[in-house]
Amino acid sequence: MERVRERVLSGSCAVFATFAMAAVAVATPPDVVGSNARMTQRPPSGEESGGITIVDLSTGQILPVSSGVGCDVLYDGAPGTAAPPSSLGGFDMMAFPLYSCPPLDVTSVPAPGGGSVDFSVSLTHRRIGGAGGCGSWATWSHGYTGDVYATPLVPGPNPVTLTMPGNTTAFHLYVEPNIFGVFEFSAIASTGTTSGTVAIDGSSGAKYFGFHVRERGVLNSITVRNTDGQSNGYAIGEFGIARGQVLYDGTPGTAAPPPTLGAYAMDPFPPDPCGATDVSTVTTPFGSHMTFSQPLSHRRIGGTGGCGYWATWSHGYTGDVYATPSTIGADPIRIAMPPDIGAFYLYVEPNNFGLFEFTAESDTGTSSGVVAIEGSAGARYFGFHVPGAGSLTGVSVRNVDGNSAGFALGEFGCGEIFCAVGTTECETVFNGAPGTGAPPASLGGNTMTSFPLNPCGPPDVTSVPAPGGGFVGFSPSLNHRRIGGTGGCDFWATWSHGYTGDVYATDLVPGPNPVTLIMPPNTTAFYFYVEPNLFGLFEFTAVSDQSGMTSGPIMIDGASGARYFGFYVDGAGALQTITVRNSDGGANGYAIGEFGIARGRVLYNGAPGTAAPPPTLGPYLMKGFPPDPCVESPVTGVDSACGGRITFDPMLEHRRIDSSGTSCLGWGTWSHGYTGDVYYTGDAIGSDPLTITMSPNTAAFYFYVEPNFFGVFEFVAEANGSLSSGIVPIDGSSGATYFGFYMQGGGQLDAITVRNLGGSSGGFAVGEFGCAIIECGAICPWDLDYNGEVGFTDLLLVLASWGPCADCVADIDASGDVGFTDLLLVIANWGPCP
């Protein structure tokens, strides 16, 4: 009889590691950015975008996992051993149906909605109780009797990576050890979000692990392991999944493509150089590639540029198209999307002149229905988009009646996935490398500023002032102490590496005593130290709450053993909160202290003046806002080209420079030939400010201002409540003037205020907006000219700005003065940006 589950026999010894692994996500550096690149750049085609590496801190081993869309992935383990809830993170979950036996050894399992969940190693297909001809697994939890999949039943961590099918937005699974007894497990998503260490009982103790995206993006993979390596294998099973919804829109018909599709600002594909006649891939606007299911003939309307010839199209398009063989009949052509695509449109035209029926369908089954298309200048639009979480994985097109003698696809456009409103896009990374040593000067490329001594006053505090303004908040309140009790503060006995400053103690009682540290705005990196109250070794964890990135369990000695915890964002995002806890609950409280912080800075650029907006602002590639339909006025805001919506306070009148043929009110003049949308304050505003609140994740924003009255009037704009444009004179007669604000070194723009200093301009109009979203990846604040390389030009910029220089690019350390520290930072980081 096969022994499938093993009990821990009386007298046998099971060894439990104090902690096995702390999983830390660190960014794999992207390729060097070019002179017109954004803060970060997508890798060349054929490579994974982003890139996350998981580091086992106990061994130093680097464990690569797949990268995915850069949106937050969250963990939820709340059900424990109970039955799975019907939803996870707001997504309706679908349970997997029973999978028939055999086969017994499997590397994948079919998923509801199509595709499969793939296993990185072969697993044995079993069923609770061995029903249905499957192998047997003895116990589970909450009465489940279905399929499970077992690793080899041998000692060791036995890691298994589950790769999700396309368009997965949430996934849950249960895990149960092979041996009866309690063992430690962890699960980690491809973004680095981890469950932390979870103790699971092998006797009817199967536990739930759930991961989901935060409103947008996709879930790519989850890796499970037995962190103490002592369970002699384990089973995973009772899977549930949620998949993104796809919608269809064909309303443009034969007209030109609109600038948006659903919530996405669309980018048309760049021209495709004519070379090979038959092609299988086309480059997207983002440098990735989409792929055809069979080679298509690259042609161009009219046969220009050395391309093959295609006779007609619609709405005056003269660019690239891709023709099927004339013998394709009713067979489909599938277009496979690269990662990160949330919207896609294409046009289709039959080869033969005449009316033929076509249909297009997404991989999820969303169909256009049957669409009649004329082969003579009748190319028609097909658009697909995901309204929330998920991504487009592919679209298939076919001639339903098979009589068109082939057809051409072309005039493609796509929209990138943007992340959840209200969250930052970039992943958080943990670094605990200093251990008990002194804090380094930088963390994740951010120059850190230590906190000054905090004067001793009331012992219980809920916050501490932060360098750069604002406060780090505490929840709950903590007791302000100082090493040795100097300066009238309460006493804390020891620390590490000679530190003698401020610390903040929890209640000195047993239990985890969790403390949440609330960051001030635009915090890009933060470190702190932790020391137990009792002398001895105790286990602690810290987690960055918005991303789920955790330190994993860290052992800390209460006798002069204070240890470093460092978190930073992988790019231009911002930290929001960090929660610390004594995970074994035995330290009778603890102290945190020796804080250091880095903050993103807002910089201003008004150089274009009355000229047209340049394509970049600082390191960011800018997107102009699409036309705003004249529907209502006044308006509270306008849809942003970067997702979400910017809002106005007070409301503004929607006008247009050239209002002919529209229901918009007119506006008399502007500058540099712009004829689009503007928004008027009304004359009653006087010198009161107009506040423009940014859509979430905005890293750069420009706009123009023009007075209502002809004449020169003085204006000032301020971003994030601090950085000012200074006084800018603007002529009300064709003098609309540019204001640009952007983040350097991380963070995001929150709000911009504009006002007429004299209040005598009769109000003013703002318009011609442009924006850029936060881009993830390595920060290169030493590249002052944004050409992707730290070199002589950057050195000369430092020397040219030498001396007091508030809010200027060359003040890399944000000290208010360009000096030797900035010079040394440029020299130390010489060469290509990471």
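G445 is partly exposed, with 26% relative accessible area; partly exposed is the band between buried (under 20% relative accessible area) and exposed (over 50%), using a 1.4 Å probe and protein chains only. This glycine sits in the loop between β35 (442-443) and β36, where strands (E, at least two residues) and helices (H or I, at least four) are DSSP runs numbered from the N terminus. From G445 to A598 is a step of 153 residues in sequence, yet 9.9 Å in space, C-alpha to C-alpha.

The model is a predicted one, so local features need pLDDT of at least 70 and side-chain atom pairs count only at pLDDT 80 or more, while totals for chains, interfaces and linings use all residues. Residues are numbered from 1 along each chain as its sequence is written, and side-chain values use heavy atoms, with hydrogens and water left out.

Taken as a whole, the chain holds 68 strands and 2 helices. Its 834 residues are 55% buried. The accessible surface adds up to about 30800 Å², with 55% of that belonging to carbon and sulfur atoms; these areas come from the Shrake-Rupley method with a 1.4 Å probe, and for residues only the protein chains shown count as cover. As for contacts (heavy atoms within 4.5 Å), residues 24 or more positions apart make up 74% of those with a separation of 6 or more.

One of the helices, α2 (residues 820-828), buries D822, L823, L825 and V826. These four sit on the same side of α2 because they cover an arc of only 160° around the axis, the arc being that of the directions from the helix axis to the C-beta atoms. An α-helix has 3.6 residues a turn, so residues three or four places apart point the same way. On the other side of α2, F820, L824 and A828 are exposed. Cover for the buried residues comes from, among others, β36 (446-447), β65 (789-790), α1 (792-800) and β67 (817-818).

Turning to the interior, the largest nonpolar core counts 54 residues. Such a core is a set of buried Ala, Val, Leu, Ile, Met, Phe, Trp, Tyr and Cys residues joined through side-chain atoms within 4.5 Å. The members with the most contacts inside this core are F648, F701, F703, V705, F741, V766 and F769. Neighbours within four places in sequence aside, V766 touches L652, W670, V678, Y679, L690, F703, Y704 and V705. There is also a second, separate core, with 48 residues, including M93, V117, Y234 and I236.

T737, found in strand β62 (residues 737-744), counts as buried because its relative accessibility is 8%. Its contacts, again without neighbours within four places in sequence, are G609, T610, F703, Y704, V705, V728 and I730. A polar atom of the T737 side chain also lies 2.8 Å from the backbone oxygen of G735.

Aromatic rings pair up often enough to be worth a look: 54 aromatic pairs turn up in a search of the whole structure. Rings of Phe, Tyr and Trp (its six-membered ring) pair if their centres lie within 6.5 Å, and planes under 30 degrees apart are stacked, over 60 edge-to-face and the rest tilted. F451 and F526 make an edge-to-face pair, at 6.2 Å centre to centre and 80° between the planes. F451 belongs to the loop between β37 (449-450) and β38 (460-465) and F526 to strand β42 (residues 515-532), so the pair ties together parts 75 residues apart in sequence. F451 and F526 are both buried. They also belong to one aromatic cluster together with F430, F474, Y504, F528, F565, F567 and F595.

Finally, some backbone oddities. Most residues other than glycine have a negative phi, and most peptide bonds are trans. The peptide bond from S475 to P476 is cis, with omega near 5°, and P476 lies in strand β39 (residues 471-483). Another cis bond runs from D649 to P650, with omega near 5°; P650 is part of strand β54 (residues 645-656). A405, not a glycine, has a positive phi of about 55°. This alanine lies in the loop between β32 (394-399) and β33 (407-416) and is partly exposed at 24% relative accessibility. H497 has a positive phi too, of about 45°, and lies in the loop between β40 (490-492) and β41 (502-505). The relative accessible area of H497 is 32%, which makes it partly exposed.

Definitions and conventions: A polar contact is a pair of N or O atoms within 3.5 Å; within protein, one must be able to donate a hydrogen and the other to accept it, and residues adjacent in sequence count only if both atoms are side-chain atoms.
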